[in-house]
Amino acid sequence: MKTINIKDLEPGMFVVGVIKQAGHVRVKNQGWVRDQKGIKNLIQSGVLEVEIDPDKTLNQTEEEHNVSEECLEPPQIDPWHKSVPVEAELGQAVKMYEQAKQLQEKAFTDIRDGRKIDVTEFKETASGFIDSVFRNQDALACIARIRDKDGYLLEHSLNVSILMSIFAKHLGFDRALIEELATGALLHDIGKIKIPDEILQKPEKLSENEFAIMREHAKYSHDIVKEAGLGTIASEIAGFHHERLNGTGYPFAKQGDELSQFVRMISIVDVYDALTAERVYKVGMTPIQAFKKLKAGCPNEFDEELLNQFIHCIGMYPVGTLVKLKSHRVGIVAASNPDSPLQPVVKVFYNAKNMFHVEVRDIDLSDKRIDDELEAAVKPEEFGLDLIKFFRHSMLP
Ligand SMILES: [Fe+2]
């Protein structure tokens, strides 16, 4: 028997069992790997290492004859399943998001005053997010996209936690693992509490010295999460979220295999959310612009395979994105359409040609009777639109 990395697995090899995996997927049958698709399925399910029986490896001709039902197939879970419509989930999701923000604030005060953070509350928050994501991920995804310029410090961690949950669910991870990832993500920037305000809030570029102080926040996060007793995975994603595959990250300059799949995931999600965020001093990028920027960092800084998975699960036009249609109508993507990602449901409320607000209407671009199509993601500033106001008035039940 021989243990190999999933990347070295080839069609025709006989797999005896799964040795190491991120997703706790149960692979019932031993068997031959039929094709690349089978391998891809295993990778997507979080399998990292397998044990093979080299004596049973088939050569090409044998493989064609012998490999049939005995193949390894991880259980098929539909990552896009929605058990409730987005409208039914939004109200609850907003409430949860607001409570989570208050909890973040409380944790900041607790640590500032030398108290330990209450882990149970963070676990409950993460668990609530995950429940919501499993009911309909569009609701929290939408809230995470519609940003408050002043709320970055608090909202960023919530958004990273929500995006991590959606990403982990997409990869087929099991519930306990998603909870640890989501809780760690909620606290990944908690170490910023130890950074002086004048550095933390400085809108201008930081000096070399200030940046050196700022870089320490990840180390503090690591220690706070570890001390709180939240498991190794949670503390590593909190501590290593700024590390990069080629060792150019901080504060530990870890590289390559030292960065687990989970750390690679949060480094992508963290940068994605930071790039798309509206800040007082900077306009956020559209998701496509952010994906391009992340792509440019592959494979040196980010894991390309995971980035592709992330783009696939978030989509070019994620729910909550402001888009312009060919008809000049402008609206918010209200529901994704996994079968046809470029044809989501758009809640239109503005006409860009005559610059008027129009009656709010849902347009399902995948509906054959609709003679309209998506043109581009746009920024609210281009049209002087206030998305938060629109969201509160028109999207909440
Ligand atoms: Fe950070």
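This report describes the overall build of one protein chain and then some of its strands, loops and single residues. The model is a predicted one.

**The chain as a whole**

The protein chain holds 15 helices and 9 strands. Its C-alpha atoms fill a box of roughly 70 × 60 × 35 Å along the principal axes. A compact globule of 397 residues would have a radius of gyration near 21 Å, and the chain has 22 Å, so the two agree. Of the 397 residues, 53% count as buried. The exposed area of the chain is about 19200 Å², and carbon and sulfur atoms supply 49% of that area.

Contacts show how the chain folds back on itself. Among contacts between residues at least 6 apart in sequence, 68% join residues at least 24 apart. The chain carries 49 positive and 63 negative charges, and the mean positions of these two groups are 4 Å apart.

**A sheet of four strands**

Strands in a sheet pair through backbone hydrogen bonds, in either a parallel or an antiparallel sense. In this chain, 4 strands make an open sheet with the order E1-E4-E2-E3, and the pairing is antiparallel. Strand E1 (2–5) and strand E3 (31–32) are the edge strands, each pairing on one side only. E1 pairs with strand E4 (residues 47–52) over 4 bridges in the antiparallel sense. Within this pair, Thr-3 has Glu-51 of E4 as its bridge partner.

**Strands E5, E6, E7 and E9**

Strand E6 (residues 329–335) has 7 of its 7 residues buried, so the rest of the structure largely encloses this strand. E6 pairs with strand E5 (residues 322–325) and with strand E7 (residues 345–351). E5 also pairs with strand E9 (residues 374–377). The table gives the bridge counts for these pairs.

| Strand pair | Sense | Bridges |
|---|---|---|
| E5 and E6 | antiparallel | 3 bridges |
| E6 and E7 | antiparallel | 6 bridges |
| E5 and E9 | antiparallel | 3 bridges |

Single residues show how these strands are lined up. Between E5 and E6, Val-323 has Gly-331 as its bridge partner, and Leu-322 stands opposite Ile-332. Ile-332 also stands opposite Lys-347 in E7. On the E9 side, Lys-324 of E5 stands opposite Ala-376.

E5 and E6 form a hairpin with 3 residues between them. In the turn, His-328 has a positive phi of about 75 degrees.

Side chains in a regular strand alternate between the two faces of the sheet. In E5, Leu-322 and Lys-324 are on one side, Val-323 and Leu-325 are on the other, and all of them are buried, which leaves both faces covered.

**Two residues and their contacts**

Asn-136 lies in helix H4 (residues 119–145). Its relative accessible area is 2%, so Asn-136 counts as buried, the cut-off being under 20%. Apart from neighbours within four places in sequence, Asn-136 is in contact with Lys-82, Val-84, Pro-85, Val-86 and Glu-89.

Leu-206 sits in the loop between helix H7 (197–200) and helix H8 (208–215). Leu-206 counts as partly exposed because its relative accessibility is 23%. Not counting residues up to four places away in sequence, Leu-206 touches Ile-199, Phe-211 and Met-214.

**Backbone exceptions in the loops**

Most residues other than glycine have a negative phi, and most peptide bonds are trans. Where does this chain have a cis peptide bond? One joins Tyr-250 and Pro-251, with omega about 0 degrees. Another joins Cys-298 and Pro-299, again with omega about 0 degrees. Pro-251 is in the loop between helix H10 (231–239) and helix H11 (261–276), while Pro-299 is in the loop between helix H12 (287–296) and helix H13 (304–314).

The loop between H10 and H11 also holds Ala-253. Ala-253 is not a glycine, yet it has a positive phi of about 50 degrees. With a relative accessible area of 41%, Ala-253 is partly exposed.

Met-355 is also a residue other than glycine with a positive phi, here about 55 degrees. The loop that holds Met-355 runs between E7 and strand E8 (356–364). Is Met-355 buried or exposed? Its relative accessibility is 60%, so Met-355 counts as exposed.

Notes. Residues are numbered from 1 along each chain as its sequence is written. This is a predicted model: local features need pLDDT of at least 70, side-chain atom pairs count only at pLDDT 80 or more; totals for chains, interfaces and linings use all residues. Side-chain values use heavy atoms; hydrogens and water are left out. Helices (H or I, at least four residues) and strands (E, at least two) are DSSP runs, numbered from the N terminus. The radius of gyration is taken over C-alpha atoms; the globule rule is 2.2 Å times the number of residues to the power 0.38. Buried means under 20% relative accessible area, exposed over 50%, partly exposed in between (1.4 Å probe, protein chains only). Contact means heavy atoms within 4.5 Å. Accessible areas come from the Shrake-Rupley method with a 1.4 Å probe; for residues, only the protein chains shown count as cover. Lys and Arg count as positive and Asp and Glu as negative; His and the chain ends are not counted. The place of a charge is taken as NZ of Lys, CZ of Arg, CG of Asp or CD of Glu. Two strands pair if DSSP finds at least two bridges between them.
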